[in-house]
Amino acid sequence: MKQAVFQAFEGMRKNEGGPFGAVIVRNGEMIAQAHNEVLKTNDPTAHAEITAIRKAAALLSRFDLSDCEIYSTCEPCPMCFAAIHWAKMKKLTFGATREDAAKIGFDDQYIYDVIQGKAEKLQVAVLQDDHNECLKPFTEWKEKEDKKEY
């Protein structure tokens with residue numbers, strides 16, 4: 001966790017993003033470390049956890065990180081929490097809470113409210129269109145013999 005905190009300071013002090021850091025460990029060895037790079041990259045998904053996952057997956061040349069664990073300086077936002085699950089990591093350890101983050105301007109409550117159907121006003125209009133056309137790649141995927149399941 002100390003290295004994750006170091007990363008949080010590093011990124012924040014370089015004005016590369018908010019005060020968040022993450023480290024991924026495999027078999028007791030740190031294999032990836034990252035900080036929030038949203039400002040550096042102009043990428044709203046460049047949170048510390050996502051950046052660390054990308055680095056670990058590239059290093060290991062695989063998307064399955066089920067033999068890894070992640071340490072984050074803060075409770076992951078919904079996007080990062082989902083990514084940790086998509087990577088199949090076995091353990092998440094975090095320091096500060098989402099309430100702590102909200103107190104300094106990083107409030108994810110609206111996203112939680114949207115997910116739970118509790119939001120009073122929607123920021124994003126969500127529409128469904130061309131269902132049948134969009135199912136065509138699904139049909140081909142289902143029949144594809146050389147696909148790699150994930």
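**A walk around the fold and helix H3**

Visitor: What share of the contacts with a separation of 6 or more comes from residues 24 or more positions apart?
Guide: Keep in mind that this is a predicted model. Contact here means heavy atoms within 4.5 Å. Among pairs with a separation of 6 or more, those 24 or more positions apart make up 47%.

Visitor: How many helices and strands are there, and in what order do they run?
Guide: Counting them up gives seven helices and four strands. Read from the N terminus, the order is α-β-β-α-α-β-α-β-α-α-α.

Visitor: How much of the protein is buried?
Guide: A residue counts as buried when its relative accessible area is under 20%. The protein has 150 residues, and the buried share is 31%.

Visitor: What span does H3 reach from its first C-alpha to its last?
Guide: H3 covers residues 48–60, which makes 13 residues. At 1.5 Å a residue, the expected figure is 18 Å, and the helix comes close to that by reaching 18 Å.

Visitor: Which elements do the buried residues of H3 pack against?
Guide: Start with who is buried: Ala48, Glu49, Ile50, Thr51, Ala52, Ile53, Ala56 and Leu60. An α-helix has 3.6 residues a turn, so residues three or four places apart point the same way. The partners of the buried H3 residues are strand E1 (21–26), strand E2 (29–35), strand E3 (68–74) and helix H4 (78–86).

Visitor: Which residue just after H3 takes a positive phi?
Guide: Look right past the end of the helix, where phi is about 55 degrees. The residue there is Ser61.

Technical notes: Residues numbered from 1 in each chain as written. Predicted model: local features only at pLDDT ≥ 70, side-chain atom pairs only at ≥ 80, totals over all residues. Heavy atoms only, no water. Helix = DSSP H or I, 4+ residues; strand = E, 2+ residues; numbered from the N terminus. Buried < 20%, exposed > 50% of the residue type's maximum accessible area, 1.4 Å probe, protein only. Expected span 1.5 Å × (residues − 1).
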